[in-house]
Amino acid sequence: MIQVKRRKHDDAVEPISSVREFLGAVILKGADAAIFVTTADHFSQNAKEAANAAITKDVVRQYDLIDRNRFFDMLRLVGKDEQKPWLDSMRESYRWSDGK
């Protein structure tokens, strides 16, 4: 299962409550893998520990946490020579630059 959260503030931190809440949905659905994507700057340490505990305790086989920087890095890898109409919107929303 995949969950995506859009945060309004550049300095937002994704809390443990979001990670736990999504884990509950994953369990209820009977899925064994979770990917949590957020536009927050980073996940709290407690959130990271909760995701790791879910894997260690065999609650899920995979629980990936993808924060804004990792997400943007992933987007840069796709079609480097192709047009990216979403890029201007991201720069404006998050005051982010790709070095150009």
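**Exercise 1.** Identify which exposed residues are carried by the face of α1 turned away from its buried side, and work out how the buried residues are arranged around the axis of α1.

*Solution.* The outward face of α1 carries R20, E21 and L28 as exposed residues, where exposed means over 50% relative accessible area, buried under 20%, and partly exposed in between (1.4 Å probe, protein chains only). This is a predicted model in which local features need pLDDT of at least 70 and side-chain atom pairs count only at pLDDT 80 or more, while totals for chains, interfaces and linings use all residues. Residues are numbered from 1 along each chain as its sequence is written, and side-chain values use heavy atoms, with hydrogens and water left out.

Next, the buried residues of α1 are S18, V19, F22, L23 and V26. Seen down the helix axis, they fall within an arc of 135° (taken from the directions from the axis to the C-beta atoms), so they line one face of α1.

**Exercise 2.** Determine which residues L65 touches, leaving aside those up to four places away in sequence, and place L65 in the largest nonpolar core.

*Solution.* With contact meaning heavy atoms within 4.5 Å, L65 touches V19, F36, F43, A47, K48, A51 and R70. The largest nonpolar core (buried Ala, Val, Leu, Ile, Met, Phe, Trp, Tyr and Cys residues joined through side-chain atoms within 4.5 Å) has 14 residues, and L65 is among those with the most contacts inside it, together with V19, F22, F36, F43, V60 and Y63. The elements giving two or more residues to this core are α1, β3, α2 and β5.

Methods. Helices (H or I, at least four residues) and strands (E, at least two) are DSSP runs, numbered from the N terminus.
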